[in-house]
Amino acid sequence: MRDQVREEDIDWERTRAYLKDDKGFDIFINAAPGPEFDRTEADVLLALRTWVDEEAGRNPVAIALPRRDAYILGQWGDQCGDVVFAWDHGYVSGYYGQWQGIAGGGCAGAPNVFGAHHGGFLPTSSEVSSSFGSWLIAGPGVKRGYERPVDKLGYIHAADVVPTFCRILRAEPPRQAQGAVAMDLFEGHEMVRERRQEQR
């Protein structure tokens, strides 16, 4: 599986699924919705989920999802592929210039040069990088010295930033805002409840 054909040179009569030139983690299906589309979607998902890097003895793909479930990876809308996948830790696709190819050759694996890039990765940290940002805020009603316990509450999503700022400013969020206010950041909102130990 090598990404050697530019999108403009694809033989559409013989192509069931393809990657766009500028996106390395969205797979688009060359069929209208219906039985053929469904078969191709199932085949692509099966191939990604069962692909094994024989040399490393592991699957390079951490997660592969159809578009209807891709919001889990923060992907949706008319630019989203029909199948979206994220590389497992230690893997990238080999055509991005800043990585200068894959160590030992091939089309997927560890990069020759580690660098930053958006998309195609699990939204978590690894031994060499992290896709997390830092968010430091202060304002009326915001807890002082508070650090969110992510093991209990999870991470704040990028879509939550605007509604949360709007609450600090006492402003109505834009109608397009899709996130929620991170209430645990505010005084009087204790979101973590300790479970009582049952008597034995």
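A residue counts as buried when its relative accessible area is under 20%. The structure shown in these views is a predicted model.

**View 1. Helix H3 and the residue after it.** Helix H3 covers residues 161-168. Its buried residues are Pro163, Thr164, Cys166 and Ile168. Arg170 follows H3 and has a positive phi, near 55°.

**View 2. The largest nonpolar core of the protein.** This core has 10 residues. They are Ile27, Val44, Leu45, Leu48, Val61, Ala64, Val83, Phe85, Trp87 and Tyr91. Helix H1 (35-50), strand S3 (61-66) and strand S4 (83-87) each give two or more residues to the core. Apart from this core lies another, made of 7 residues. Phe25, Leu65, Ala70 and Leu73 are among them.

**View 3. The surroundings of Ala64.** Which residues does Ala64 touch, leaving out those up to four places away in sequence? They are Leu45, Leu48, Arg49, Val84 and Phe85. Of these, Leu45, Leu48 and Phe85 also belong to the largest nonpolar core, as does Ala64 itself.

**View 4. The whole protein, for orientation.** The protein has 3 helices and 6 strands. Along the sequence they follow the pattern β-β-α-β-β-β-β-α-α. Of the 200 residues, 28% are buried. Among contacts with a separation of 6 or more, 43% join residues 24 or more positions apart. The exposed area of the protein is about 14200 Å², and carbon and sulfur atoms supply 49% of it.

Technical notes
Residues numbered from 1 in each chain as written. Predicted model: local features only at pLDDT ≥ 70, side-chain atom pairs only at ≥ 80, totals over all residues. Heavy atoms only, no water. Helix = DSSP H or I, 4+ residues; strand = E, 2+ residues; numbered from the N terminus. Buried < 20%, exposed > 50% of the residue type's maximum accessible area, 1.4 Å probe, protein only. Contact = heavy atoms within 4.5 Å. Areas by Shrake-Rupley, 256 points an atom, 1.4 Å probe, with all protein chains shown as cover. Core = buried A, V, L, I, M, F, W, Y, C linked by side-chain atoms within 4.5 Å.
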